[in-house]
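Here is a short tour of aromatic pairs and surface charge. Please have the viewer open as you read along.

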Amino acid sequence: MEAKWRRATSRISNWHEGMEEPSAFPLCGRGFSAQLRTSWSNDNPGRRFFGCKNHGSLVHHACRYFSWFDPPMTPRARVVMVGLLKKIKTNEVQRRKERLCWVFILALCVVMIWFSKL
């Protein structure tokens with residue numbers, strides 16, 4: 001069964017320079033225009049795919065339309081991407097801890113100043 005496609009002229013384009021932009025978006029079995037999404041799984045990090053806008057919806061009946069937009073990554077690119085994502089996550093956790101530490105220090109200073117005025 002061949003998928004139906006809708007031209008992408010009505011979509012707002014915010015693509016980064018050098019990234020391939022789809023010229024049309026496929027229609028799912030219910031006739032909705034599929035959305036271009038990005039996978040962040042370990043098997044396909046950063047790989048884009050088309051999925052129905054109602055995919056996994058609890059309100060609407062779930063649609064399981066799925067189609068890859070990007071070609072598969074090489075095994076080396078996949079390893080590099082997963083490593084970079086882990087580093088980003090580690091840095092975010094570290095920054096969160098540092099912010100909490102500074103908030104605690106600030107609160108302690110405020111309390112000390114308040115008690116010194118008593």
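## Aromatic pairs and a charged patch

At 46% relative accessibility, Arg95 counts as partly exposed, a class between buried (under 20% relative accessible area) and exposed (over 50%), with a 1.4 Å probe and protein chains only. Arg95 sits in helix H1 (residues 75-116), a DSSP run of H or I with at least four residues. On the surface, Lys89, Arg95, Arg96 and Arg99 gather in a patch of positive charge; such patches join like charges within 9 Å, from residues with over 30% relative accessible area and no salt bridge, that is, no side-chain nitrogen of Lys or Arg within 4 Å of a carboxyl oxygen of Asp or Glu.

This is a predicted model, where local features need pLDDT of at least 70 and side-chain atom pairs count only at pLDDT 80 or more, while totals for chains, interfaces and linings use all residues. Residues are numbered from 1 along each chain as its sequence is written, and side-chain values use heavy atoms, leaving out hydrogens and water.

Now to the rings: the whole structure holds six aromatic pairs, counted when ring centres lie within 6.5 Å; planes under 30 degrees apart are stacked, over 60 edge-to-face and the rest tilted. Two of them are shown here.

| Pair | Geometry | Centre to centre | Between planes |
|---|---|---|---|
| Phe25 and Phe50 | edge-to-face | 5.7 Å | 80° |
| Phe49 and Phe66 | tilted | 5.1 Å | 35° |

Phe25 lies in strand S2 (residues 24-27) and Phe50 in strand S4 (residues 48-51), so their pair ties together parts 25 residues apart in sequence. Both Phe25 and Phe50 are buried. Phe49 in strand S4 and Phe66 in strand S5 (residues 66-68) tie together parts 17 residues apart in sequence. Phe49 counts as buried at 14% relative accessibility, whereas Phe66, at 45%, counts as partly exposed. Ring pairs also link Phe25, Phe50 and Phe69 into a cluster.

Terms used: Patches are made of residues with over 30% relative accessible area and no salt bridge: like charges are joined within 9 Å, nonpolar side chains (Val, Leu, Ile, Met, Phe, Trp, Tyr) within 5 Å. Accessible areas come from the Shrake-Rupley method with a 1.4 Å probe; for residues, only the protein chains shown count as cover. Lys and Arg count as positive and Asp and Glu as negative; His and the chain ends are not counted. The place of a charge is taken as NZ of Lys, CZ of Arg, CG of Asp or CD of Glu. Helices (H or I, at least four residues) and strands (E, at least two) are DSSP runs, numbered from the N terminus.
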